[in-house]
Amino acid sequence: MKDSLKLAKYLAGLGYGSRKEVAIAIRDGRVTGEGESLRFDGEPIDPPHGLVIVMHKPAGHTCSHADQGPLVYDLLPPRYLKRDPKFSSVGRLDAETTGVLLFTDDGALLHKLISPKSNLPKTYEATLARPLEGHETALFASGSLVLRGEDKPCLPAQLEVTGARTARLTLTEGRYHQVRRMFAAAGNHVEALHRSRFGPLGAEDLKPGEWRILSEPERQTLTG
Ligand code: URA
C-alpha cells in the first residue's frame, strides 16, 4: 500500500494524472514493471525531474499561453504541462521565429540559462528585406547600440554576412525582439528569423515541430 502511494505521488508529479487518477490506473494494472522498466499503458515512463528537451520550433507557434494561436506546448505530450516542478520553455522565440528552443522542469537550470550573467551565445540566421550596407557589423560589435525605448546599450554582438540579404548574428543576451530591433536600428527589416544555436546545441537533426530529450552529456555541455 505504502509503495503504491509513493508510486502514485511520483507519477502524478510527472503529469500522468491527479494522485487519485494515477492510483486508479495502478489498481487497474495500467502501470507495469518497476525502476528503470516502469511503464504506463505499456509505454516507458517519462524521465524524472531534470528533464531537458530541445525542439525545432516551427513558425506560427507561440511560446506564451497569453498569445493567440497554436502553442509550442501543443507539440509535446499534454502531461508535460502537468509536471510538478513546472515545465516551461527556456526563454521565448517570437511566433514567426523558427529554430532551437529548449524546455526544462529544472528551475535552477532555467534560471542559469536565461540569466543575463550566463553569457551563453545564441546564434540567429536572419533574412532581411533590404541588402546589407556594410556598416552593420561594426555597429553591432560596438557595444554602444541603444535600442529604441531603452537606455542601456546592447552588449557587443557578432555579425557574419552570409549573403546580400542574409546574416548570422550571435548574441550573448536576450532582450525582447532583440534581433529584429537591432536590424531596425540599422535601417533594415527582418523578414525571416531562425535560431540555429543555443549555446552548444543546434537542431539540425530535427524537422520543424520535432523535439527530443537531451542526453546527460548534452545536458552537461549546457552548464559547462
Ligand atoms: N530576437 C528576435 O527578434 N526574435 C526572436 O524570436 C529571438 C530573438
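Guide: A polar contact is a pair of N or O atoms within 3.5 Å. Keep that cut-off in mind for the ligand in this predicted model.

Visitor: What makes T97 a polar contact of the ligand?

Guide: The side chain of T97 places an N or O atom 3.0 Å from an oxygen atom of the ligand. That is within 3.5 Å, so the pair counts as a polar contact.

Visitor: How do you know that D94 and H177 make polar contacts with the ligand too?

Guide: Apply the cut-off again. For D94, a polar side-chain atom lies 2.8 Å from a nitrogen atom of the ligand. For H177, a polar backbone atom is 3.2 Å from an oxygen atom of the ligand. Both distances are within 3.5 Å, so both pairs qualify. As for cover, the ligand on its own has 240 Å² of accessible area, and the protein covers 95% of it.

Visitor: Which residues surround the ligand, and what puts a residue on that list?

Guide: The residues are L93, D94, T97, Y124, H177, Q178, V179, R180 and L193. Each has a heavy atom within 4 Å of the ligand, and therefore each is listed.

Visitor: How does that shell divide by residue type?

Guide: Four residues are nonpolar, three are polar and two are charged. Y124 falls in the nonpolar group because Tyr counts as nonpolar here. D94 and R180 are charged, because Asp and Arg count as charged.

Visitor: Which element gives the largest share of the shell?

Guide: Helix α5, residues 178-185, gives three residues.

Visitor: How do you know where the ligand sits?

Guide: The ligand sits in the largest pocket. It is placed there because more than half of its atoms lie within 2 Å of the pocket's grid points.

Visitor: Why are β7 and β9 called paired?

Guide: Pairing takes at least two bridges. Strand β7 (residues 122-128) and strand β9 (residues 166-171) have six, so they pair, in the antiparallel sense. One of the bridges sets K122 against L171 in β9.

Visitor: What joins β8 to β9?

Guide: Four bridges join β8 (residues 158-161) to β9, and the two run antiparallel. Among the partners, Q158 meets T170 and L159 meets L169. A hairpin through four residues links the two strands.

Visitor: What makes β1 and β3 edge strands?

Guide: Their sheet is open, has three strands in the order β1-β2-β3, and pairs antiparallel. Strands β1 (31-32) and β3 (43-44) each pair on one side only. Between β2 (residues 39-40) and β3 there are two bridges, so the "at least two" requirement is met. R39 stands opposite P44 in β3.

Visitor: What is unusual about D41 and about the bond joining D84 and P85?

Guide: Most residues other than glycine have a negative phi, and most peptide bonds are trans. D41 is not a glycine, yet its phi is positive, about 50°. D41 lies in the loop between β2 and β3. The peptide bond joining D84 and P85 is cis, with omega about 5°. P85 is in the loop between β4 (52-57) and β5 (88-89).

Definitions and conventions: Residues numbered from 1 in each chain as written. Predicted model: local features only at pLDDT ≥ 70, side-chain atom pairs only at ≥ 80, totals over all residues. Heavy atoms only, no water. Polar contact = N/O pair within 3.5 Å; in protein donor to acceptor, adjacent residues only side chain to side chain. Areas by Shrake-Rupley, 256 points an atom, 1.4 Å probe, with all protein chains shown as cover. 1 Å grid on protein atoms, 1.4 Å probe; cavity = no way out; pocket = protein on both sides within 12 Å on 5 of 7 lines; lining within 4 Å.
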